Amino acid sequence: MSRKLRLTALAGALAMGLVACGGSGAGSSSSAGESAAPADQTIGVSMPTQTSERWIADGNAVKDQLEKKGYKVDLQYANNDIPTQSQQVDQMITQGEDLLVVAAIDGTALSSQLQAAADAGIPVISYDRLIRDTPNVDFYVSFDNYKVGVAQGTALLTGLGLLNKDGSKGTATGPFNIELFAGSLDDNNAGFFFNGAVDTLKPYLDDGTLVVKSGQTSIEQAATLRWDQETAQKRMEDLLTKSYNDGSKVAGVLSPYDGISRGVITALQNAGYGPTLTSQPLAMPVITGQDAEIASVKLINDGVQSSTVFKDTRTLAAQAVTAAEAFLKGDKPEANDTKTYDNGQKVVPSYLLPIQTVYKDDIQKVLIDSGYWTADEVAKGQAG
Ligand code: GAL
């Protein structure tokens, strides 16, 4: 090889090296995936909060699964604080991370960050909660959120005895007083859960079998900012004081999330419901939930909470990882829903996973046998 040729080859190799280095930097992700090894690629994972154990499980599952494949992971939690999350996502972009996985606190608050991500060519996967009002979200991984609501409505009807577990008509007749809780209105999922549940309850509300005694039936009235347990407890206390001071009883509470259910349960227990606090207790109402958080699985096992909707965070994490790998290889991830999730700017291609309702009888098979929780954790009501 002549000296000139050798120099040219060297220059070429350097240039390629630079391209490969660029692979771990901003703007490179869609094309650099083929040349960059996973070890050169960092994935930013932005999670809302560590106050709920489900997000800790999600964050850990995404991190572990990506690291097993050789990627670097920058996992951040934002304490349910919108500016903190915006700042963390900003930083992931300026640090030149290759792809972002984001579970937003407020689904509409990240538009400028995601514009910067798009300008830098960084793909964005919306994790469980759809990011709204921006064209710069590339993919959505979640569960079938409307079906979660249907499952919660169905579980309330089943718990009250209006339906049997197989869906056939139960022996109970009502009328039953119920109260409705919804999630945080800035989370796109809240509407899907509430609509799925209320659509399911509607025939029973229409014919008077179910009565929302407080009259608070709109999602705005039922909402719980940030899905916060204490906020839910306070609202339940207010409902009991204002609408149940005439000796009437609450028979059921629609709750969209285990943390909210725990707040509701505390309020009810303080008012004398449940087997533990008074000698002549009012029966604990039928209370639904979601996420199979360990404290709530124990409450279900103890007969305090009626049900939860289990969403396996391990499979959601796996789906996020599959989608991330596809983007990093320059491919498009496989979607199984391209119609439902309009974020106000575009319909975001989605991969939706199935859900499962868990009553006391299902804990062993669905949660323990699958290795999600151990029998010991269920007995203690604590992870680890
Ligand atoms: C929702 C999520 C629920 C629950 C809730 C509160 O976005 O879909 O499963 O976790 O947030 O964290």
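The paragraphs below go through the chain as a whole, its nonpolar cores, a pair of packed helices, one covered helix and several individual residues.

The model is a predicted one. Its chain has 14 helices and twelve strands. Of the 384 residues, 52% count as buried. The chain exposes about 16,500 Å², and carbon and sulfur atoms supply 52% of that area. Contacts that are distant in sequence are well represented: among those between residues at least 6 apart, 71% join residues at least 24 apart.

The interior comes next. In soluble globular proteins, nonpolar side chains tend to be buried together. Here the largest nonpolar core has 28 residues. Those with the most contacts inside this core are Ile43, Val45, Leu66, Leu99, Ile125, Tyr127 and Val141. Several strands supply at least two residues each: S1 (42–47), S2 (72–77), S3 (99–102), S4 (124–127), S5 (139–143) and S11 (350–353). Helices H3 (53–68) and H12 (313–328) also supply at least two residues each. Helix H12 gives the most, with eight residues. A second, separate core has 25 residues, among them Val148, Ala232, Ala267 and Leu299.

Ile43 shows how the parts of the larger core meet. Not counting residues up to four places away in sequence, Ile43 touches Leu66, Tyr71, Lys72, Val73, Asp74, Glu97, Leu99, Val101, Ala324 and Leu328. One of these, Leu328, also marks a long-range approach to Asp98: the two residues are 230 apart in sequence, yet their C-alpha atoms are 7.8 Å apart in space. Asp98 sits in the loop between helix H4 (82–94) and strand S3. Asp98 counts as buried because its relative accessible area is 0%, and the cut-off for buried is under 20%.

Helix H4, which precedes that loop, packs with helix H5 (residues 111–119). Two packed helices are described by the angle between their axes and the distance between the axes. For H4 and H5 the angle is about 10° and the axes are 9 Å apart. The two helices are therefore roughly parallel to each other, as angles under 35 degrees count as such. On the H4 side, the residues that meet H5 are Ser86, Val89, Asp90 and Ile93. Their partners in H5 are Gln113, Ala116 and Ala117. An α-helix has 3.6 residues a turn, so residues three or four places apart point the same way.

Helix H10 (residues 258–270) has 13 residues, which at 1.5 Å a residue should span 18 Å. Its end C-alpha atoms are 18 Å apart, so the model agrees with the expected span. H10 is mostly covered, with ten of its 13 residues buried. The buried residues are Asp258, Gly259, Ile260, Ser261, Arg262, Gly263, Val264, Ile265, Ala267 and Leu268. They pack against helix H9 (229–243) and helix H11 (294–301), and against strands S8 (252–254), S9 (286–287) and S10 (307–310). One of them, Ala267, belongs to the second core.

Ser261 lies in H10 and is buried, with a relative accessible area of 0%. Leaving aside neighbours within four places in sequence, Ser261 is in contact with Ser255, Ile287, Thr288, Gly289 and Gln305. After H10 comes Gly272, whose phi is positive, near 100°.

Another residue of H10, Ile260, is in contact with Thr224. Thr224 is placed in the loop between helix H8 (219–222) and H9. Thr224 is buried, with a relative accessible area of 1%. Beyond four places in sequence, its other contacts are Phe181, Ala182, Gly183, Ser184, Thr231 and Ala232. Of these, Ala232 is a member of the second core.

Some backbone details remain. A cis peptide bond joins Gly174 and Pro175, with omega about -5°. Pro175 is found in the loop between helix H6 (145–159) and strand S6 (176–180). Asp133 is not a glycine but has a positive phi of about 60°. Asp133 lies in the loop between S4 and S5, and at 37% relative accessibility it counts as partly exposed. Ala292, also not a glycine, has a positive phi of about 50°. The place of Ala292 is in the loop between S9 and H11, where Ala292 is buried with a relative accessible area of 1%.

How values were computed:
Residues are numbered from 1 along each chain as its sequence is written. This is a predicted model: local features need pLDDT of at least 70, side-chain atom pairs count only at pLDDT 80 or more; totals for chains, interfaces and linings use all residues. Side-chain values use heavy atoms; hydrogens and water are left out. A nonpolar core is a set of buried Ala, Val, Leu, Ile, Met, Phe, Trp, Tyr and Cys residues joined through side-chain atoms within 4.5 Å. Buried means under 20% relative accessible area, exposed over 50%, partly exposed in between (1.4 Å probe, protein chains only). Helices (H or I, at least four residues) and strands (E, at least two) are DSSP runs, numbered from the N terminus. Contact means heavy atoms within 4.5 Å. The expected span of a helix is 1.5 Å times one less than its number of residues. Accessible areas come from the Shrake-Rupley method with a 1.4 Å probe; for residues, only the protein chains shown count as cover. Axes are lines fitted to C-alpha atoms, for helices over the stretch in contact, and angles run from 0 to 180 degrees between N-to-C directions. Angles under 35 degrees count as roughly parallel, over 145 as roughly antiparallel, 65 to 115 as roughly perpendicular and the rest as oblique.
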